[in-house]
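I opened this one cold and kept a few notes as I went. Here is what I looked up, in order.

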Amino acid sequence: MTTTPNTLDRNSNPTGRSAGTAALDLRGVRVAYPDGPDLRVVLDDLDLTVERGEMVVIVGESGAGKSTLLTAAGLLRRPDAGEISVAGTATSVLSERRRTQIRRDHVAFVYQSANLLPTLTAIEQLEIVGHIRGERSAVARARAMELLDGLGLAGRKDQLPAQLSGGERQRVGIGRAFMAEPTILIADEPTASLDPDRSRAVVELLRSAADDRDIATLVVAHDEAPAAAADRVLRLEAGRLRALNGTGAGPTVKM
Amino acid sequence: MFLAIRDLRRGARRFALLGSVIALVALLSTVLSGLATGLVTDGISGLRALPFDRIAFQKGADATFSRSTLRPDALRQFEKVPGVEASPLGASFVNAAPVNGGPRLDLAMFGIPADSFLVQREDARAALAGKPGLVLGEELQKQGVKVGDRYVMGGSNVELPVLGFTFAGTYGHAPIAFVRLDTWQRIQYGSDADGRFSAVVLSGGSRGIGEAADRTGTVVISKEASYAGSPGFTAETTTMTLIRSFLLVISALVIGAFFTVLTVQRTRQIGLLKAMGASNGYILRDGIGQMAILVALATAVGVAIGTGVVEILSRGSAPVELSPRSIATVSLALVAAGIAGSLVAFRRITQVEPAIALGAEA
């Protein structure tokens, strides 16, 4: 497994598509962790393409490497080999600074536990995204307000995370992701800690990210809810992805 | 500093402890600064007030008047240097006992000729030129000493009246008493004075002074260098500087430790911000800004209280003195110490991996 991005033969990838057009494109990605004296290969020559407006759900056993796949796809860690292109930009050769910029401009995350900043109110959780992007504060505030309104949280805008319910926190987390106007939204078990009703609401929001906002949405899920709404469901097994619902890891087929 | 300000406001309690410690350090630094300045003033203000540039001591005297004895020929050598004004100065400490009872006075007695350039005021010149007597520092007037009071100078039988008061300052923590040089010689040496005095003070000129010093076996030093000869001066300033330096080091360590713990606690939050696309610079600005606001606020509070304490102390007998400049120095030094102390903590920020935002092993 010494494949490097430069020598990778793009025509050999199973989807047969170029990296230039997809929102997210993983080619020959390999990640291995040291495990005692050995090396445990978590992602092995993995290919994945997610288009704008498409919602892809990844399922798999615990420890199959789903989180590792998300950290690599979200440019939070460099793979040991392979190429990851975001919005047409190959990232393997980029500096950490540039990768951070691409994250800022193209990637947003939704976490299992919302992961809100404890000292910011609901609206400020969104505003800080604008602040990081260098947006004027009045503009950021107006956009944040509009997003919260759309999420049914206008009345909760001045509450701190500790004062919000689990479902509200998760919706604020999704609002924060929308605030970034991302090309790719990466969600790590976003419904795992919610009851069925709240879980359904969150899945609908993620679906709307793909449908209404044209965001490439990549979701790792343990439970059934997100899979039911997905364009494609892939299983991560032995370091590779396998199509589950018959559409294959190929071109998008919307349901 | 979007996050820093909100964090400070809503997490005030976690910052209160550190804020209090910094405020206390600032308070202590301010009071010590006041004491240091006050002690310096108390030690050398009498010498500082005299209008001279350089001073010649006997070789080996180490700027100490009691170790230096010069004779008139030394004075003449310096008087010959063009452009230089030279005056003999006799200086010693003396205990003065009032003839009619009352508290004794510890005095730093400066003997100078009535026509010396050191005596600038006409009335002082006239007072010294007349009958022998004491011209005392005005602070003694506040202590109840009056013109006409008579004192016997310790170690001699010389009895002198108080002629008047002037702004004279203090030397070696004792108020200055000006007497005419021949009176000083009578007190110091009795009838066997032989024209001796302690040092030659010089004003103006520069060329030829070194040669004159060589010829007379004297060492010429600057006015500022002569302060070190004031009893306790070097020890006091060294001690004060040492204590203040320790305070700064301690506050740097405390601030550094606090922000190190805070940074470790915030590791996940920092990872989250990085995942959101915040650069190291963005997060560093936030952290350093937060530290600077906290240190500045706490320092302001501490310095304000410290200034009040100095004000109260100055009404008593403690030699304290505080200038806007030393207040500014204290404040800036503390903020600088805070930044220095927290640099280590903030270095950790750059090392946080964004991947921990997803709970993954970094």
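Entry one. I'm reminding myself up front that this is a predicted model. I began with a single residue, Ser85(A), and looked for its bridge partner: that turned out to be Ala90(A), in β5(A).

Entry two. I then asked how many bridges join β4(A) to β5(A). I found two, with β4(A) covering residues 81-86 and the two strands running antiparallel.

Entry three. Next I wanted the whole sheet around that pair. I got an open sheet of four strands in chain A, in the order β2-β1-β4-β5, with antiparallel pairing. At the edges I have β2 (38-50) and β5 (89-90) of chain A, each pairing on one side only.

Entry four. What lies across this sheet? I noted helix α1 of chain A, residues 66-73, lying across β1 (24-35), β2 and β4 of chain A. I wrote down its angle to β1(A) as about 125°.

Entry five. Over to chain B, where I looked up the domains. Domain 1 takes in 2-44 + 234-358, while domain 2 spans 60-216. I checked how far apart their C-alpha centres lie in chain B and got 47 Å.

Entry six. Last, I looked at where the chains touch. I have 21 residues of chain B in contact with 23 residues of chain A. On the chain B side, α1 (2-10) and α10 (267-275) each supply at least two residues. The largest share there is from α1(B), with five residues. I also sorted that side of chain B by residue type: 12 nonpolar, five polar and four charged.

Methods. Residues numbered from 1 in each chain as written. Chains lettered and ligands numbered in written order. Predicted model: local features only at pLDDT ≥ 70, side-chain atom pairs only at ≥ 80, totals over all residues. Pairing = 2+ DSSP bridges. Contact = placed C-beta atoms within 7 Å. Axes fitted to C-alpha atoms, helices over the stretch in contact; angles between N-to-C directions. Domains from an automatic or database assignment. Nonpolar A, V, L, I, M, F, W, Y, C, P; charged D, E, K, R; others polar.
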